[in-house]
Amino acid sequence: MDFETAKQLDSDYIIGSYARFPVLLTQGKGACVQDDTGKTYIDFTSGIGVNALGFCEDGWVAAVSAQLARLQHTSNLYYTEPCIQTAKLLCEKSGMKKVFFGNSGAEANEGVIKAARKYSFLKYGAGRNTILALENSFHGRTMAALSATGQAAYHNYFFPFVDGFVFAKANDFADTLSKMTADVCAVMLETVQGEGGVVPLDAEYVQAVAKACQEKDILLIVDEVQTGLGRTGKYFSYQHFGIQPDLVSCAKGLGGGLPIGAVLFGEKTASVFTAGDHGSTFGGNPVVCAGAVHILQTMDETFLEQVAQKGAFLREKIAQMPHVTGVSGLGMMLGISLDIEAKPIIQKALEHGLLVLSAKEKIRLLPPLNITQAQMEQGLEILQTVLSQ
Ligand SMILES: *Cc1c(COP(=O)(O)O)cnc(C)c1O
């Protein structure tokens, strides 16, 4: 199929909920991907932070393929090994105690919200169920996740939203503390607001919120859907802040390209759910989990150090480019502010063979974590060219 045919059929049969780039991608390896004409692109997107090890990494393909040919699905009524292994590795790397598997980030966030409310109900009874989220947050597209999303643009059309969500100003501890009232059961945050424009929270703020949560027995929920699984140079971004959340949601990078979401439960919340409280038909799928085990085993301390180094390298090079007024983010999750419009630059980068993302008014980069030095330099060269035109 060529691009024009694909574009026509897509518009004939698929709803227009995505503004797609005019490219038909056909195959990829590592940080390189090709379109139908054979043109190659350097990938600084990882499919929005999903392909942690790039396209079709050998070990991941082998793990997934072997499991696919052995046992593809059983339902959660039976034990399967890959799901147990994934959960064990997640706990070991996160300091959390238990795991629940779903299929996406939004679904993981539905899980943390339900868990927080049940924790509070069991301990304090009805009425203490408000989730305090942050302005400019993004937690997903399902109804509760949308209700937790602190951006007015997402709060149209779909009324009524889910009750019991209030918002505090990110990085404003006095405002946050004033909203940690007797009806609040949890504070929910992203340490780096991804969709919100790659906006990192201040360490003092995150630590002060964590401390206040502990004092008031308000659960701390960290949404690691975008920041988790090595993206920021730690297994989970909260590990930069020396805090331990009560609930963590993760998804994107965990499956290496296959759909998976997970809720991680801390000491306080590990036994909140009992049989029948929560579930997912597809959650913990053995094929997806076989890939996740490979991702988790690949990410050792050396790998994470390299992520941090690559992030620092990209940051330094980009900061020196024309029109760049700032680079935000953590590790290999970067937001580039420009003194010109980002959209035309993103379009031109594509034409020159570089895939990048946007977040609000910034260019956003989420390169595969195992991208090579040569590929980074090739991508940077394209960015430099496009910004110099
Ligand atoms: C992408 C994202 C989500 C939603 O994940 P889906 O898999 O699209 O449901 C939730 N939270 C954050 C921080 C995200 O970046």
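Helices α10 and α12 are a good place to start in this predicted model. The axes of α10 (residues 301-319) and α12 come within 11 Å and cross at roughly 20°. Angles under 35 degrees count as roughly parallel, and α10 and α12 are therefore roughly parallel to each other. Their crossing is right-handed. If you want to find the contact on screen, look on the α10 side for Lys-310, Phe-313, Leu-314, Lys-317 and Ile-318. Facing them from α12 are Gln-373, Met-376, Glu-377, Leu-380 and Leu-383. Sorted by class, the residues of this contact are six nonpolar, one polar and three charged.

Now stay with α12 and turn to another of its partners. Helix α11 (residues 342-351) packs against α12 (residues 373-388) at an angle of about 130°, and the two axes are 9 Å apart. That angle makes α11 and α12 oblique to each other. As with the previous pair, you can note the handedness: α11 passes α12 in a right-handed crossing. Here α11 contributes Ile-345, Lys-348 and Ala-349, while α12 contributes Ile-382, Val-386 and Leu-387. Five residues of the contact between α11 and α12 are nonpolar, one is charged and no polar residue takes part.

Next, let's move to α4 and its neighbour α9. Helix α4 packs with helix α9 (residues 286-298) at about 35°, and their axes are 8 Å apart. In this case the crossing is left-handed. From α4, the contact draws on Pro-82, Cys-83, Gln-85, Thr-86, Leu-89, Leu-90 and Lys-93. From α9 come Pro-286, Cys-289, Ala-290, Ala-292, Val-293, Leu-296 and Gln-297. The class count for the contact of α4 with α9 is 10 nonpolar, three polar and one charged.

Helix α4 also leads us to a pocket. Both α4 (81-94) and β4 (98-102) supply at least two residues each to the lining of the second largest pocket. Strand β4 gives the largest share of that lining, with four residues. In total, 31 residues line the second largest pocket, and those nearest its centre are Asn-76, Cys-83, Val-99, Phe-100 and Phe-101. You have met Cys-83 already, as one of the α4 residues in the contact with α9. The space in this pocket is about 800 Å³. Its lining is made up of 15 nonpolar, 14 polar and two charged residues.

Just before α4 there is a backbone detail to look at. Ser-75 sits in the loop between α3 (58-70) and α4. Its phi is positive, at about 80°, although Ser-75 is not a glycine. A second backbone detail is found in the loop between α6 (143-147) and β6 (165-168), where Pro-160 lies. The peptide bond from Phe-159 to Pro-160 is cis, with omega near -5°.

Finally, let's look for enclosed space. Rolling a probe the size of a water molecule over the atoms shows where empty space is left. Searching the whole structure turns up one cavity of 30 Å³ or more. The largest cavity holds about 40 Å³ of space. Around it you will find Gly-49, Ala-52, Val-225, Gln-226, Gly-228, Leu-229, Arg-231, Gly-253 and Leu-369. This lining divides into four nonpolar residues, four polar residues and one charged residue.

How values were computed
Residues numbered from 1 in each chain as written. Predicted model: local features only at pLDDT ≥ 70, side-chain atom pairs only at ≥ 80, totals over all residues. Heavy atoms only, no water. 1 Å grid on protein atoms, 1.4 Å probe; cavity = no way out; pocket = protein on both sides within 12 Å on 5 of 7 lines; lining within 4 Å. Points joined across faces, edges and corners; volume = space filled by probe spheres on them. Nonpolar A, V, L, I, M, F, W, Y, C, P; charged D, E, K, R; others polar. Axes fitted to C-alpha atoms, helices over the stretch in contact; angles between N-to-C directions. Parallel < 35°, antiparallel > 145°, perpendicular 65-115°, else oblique. Left-handed = near helix turned anticlockwise from the far one by under 90°. Contact = heavy atoms within 4.5 Å.
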